[in-house]
Amino acid sequence: MSILRDLERQKKALESEIKRLEEKIVLYQEELPRLLERLAEIEEVIEHVRQLPRYKQNDTTDSVSQKE
């Protein structure tokens with residue numbers, strides 16, 4: 001009988017883990033569209049900024065600090 005009890009305990013643990021993962025999936029599915037929308041907005045801003053004259057000339061020096 002102890003084997004049966006051990007298997008039942010494992011079954012309950014797996015069911016609990018599956019339920020927890022399903023809940024996370026639902027939350028991620030709800031959050032994903034918002035994150036994708038924000039990404040699209042940021043991409044638009046990046047493209048806009050790249051078109052500005054100041055950034056067209058200094059495109060390769062963005063990450064280099066300039067000494068005064």
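User: Before we get going, what do buried, exposed and partly exposed mean here?
Analyst: Buried means under 20% relative accessible area and exposed means over 50%, with partly exposed in between. This is a predicted model, and Glu15 makes a handy test case. Its class follows because its value falls between those two cut-offs: Glu15 is partly exposed, with a relative accessible area of 43%.

User: What percentage of the protein chain's residues count as buried?
Analyst: The cut-off to use is under 20% relative accessible area. The protein chain has 68 residues, and it exposes about 7,000 Å², with carbon and sulfur atoms supplying 57% of that area. The share that counts as buried is 0%.

User: How many helices and strands does the protein chain have?
Analyst: Helix 1 covers residues 2–51, and it has 50 residues. It isn't alone, since the full tally for the protein chain is 2 helices and 0 strands.

User: How far does helix 1 reach from its first C-alpha to its last?
Analyst: Start with what you'd expect: at 1.5 Å a residue, the 50 residues of helix 1 should span 74 Å. The model comes out close to that, at 71 Å.

User: Where in helix 1 is the kink?
Analyst: Look shortly before the proline Pro33. The helix bends there by about 30 degrees, and the residue at the kink is Glu31.

User: Which residue meets Glu31 in a salt bridge?
Analyst: Side chains of opposite charge can pair when their charged atoms come close. Glu31 counts as partly exposed, at 34% relative accessibility. Its partner sits 3 residues away in helix 1, about one helical turn, and the N to O distance is 3.1 Å. That partner is Arg34.

User: How far apart are the closest N and O atoms of Glu15 and Lys11?
Analyst: Both residues lie in helix 1, 4 residues apart, or about one turn of the helix. Lys11 is partly exposed at 46% relative accessible area, and Glu15 is partly exposed at 43%. A salt bridge calls for a nitrogen within 4 Å of a carboxyl oxygen, and this pair forms one with its closest N and O atoms 4.0 Å apart.

User: Why can Glu47 and Arg50 reach each other, and what is their N to O distance?
Analyst: An α-helix has 3.6 residues a turn, so residues three or four places apart point the same way. Glu47 and Arg50 fit that picture because they are 3 residues apart in helix 1, about one helical turn. Glu47 is partly exposed at 42% relative accessible area, as is Arg50 at 44%. Their side chains meet in a salt bridge, N to O, at 3.2 Å.

User: How many salt bridges does the structure hold?
Analyst: You've already met some of them, including Arg34 with Glu31 and Glu47 with Arg50. Counting across the structure, the total is 6.

User: Which residues make the nonpolar surface patch of about 280 Å²?
Analyst: A patch residue needs over 30% relative accessible area and no salt bridge. Leu32, which lies in helix 1, clears the area cut-off because it is partly exposed at 46%. Two other leucines join it, so the patch is made by Leu32, Leu36 and Leu39.

Note on methods. Residues numbered from 1 in each chain as written. Predicted model: local features only at pLDDT ≥ 70, side-chain atom pairs only at ≥ 80, totals over all residues. Heavy atoms only, no water. Patch = residues over 30% accessible without salt bridge, like charges linked within 9 Å, V, L, I, M, F, W, Y side chains within 5 Å. Areas by Shrake-Rupley, 256 points an atom, 1.4 Å probe, with all protein chains shown as cover. Buried < 20%, exposed > 50% of the residue type's maximum accessible area, 1.4 Å probe, protein only. Expected span 1.5 Å × (residues − 1). Bend = angle between axes of the 7 residues up to and from the residue.
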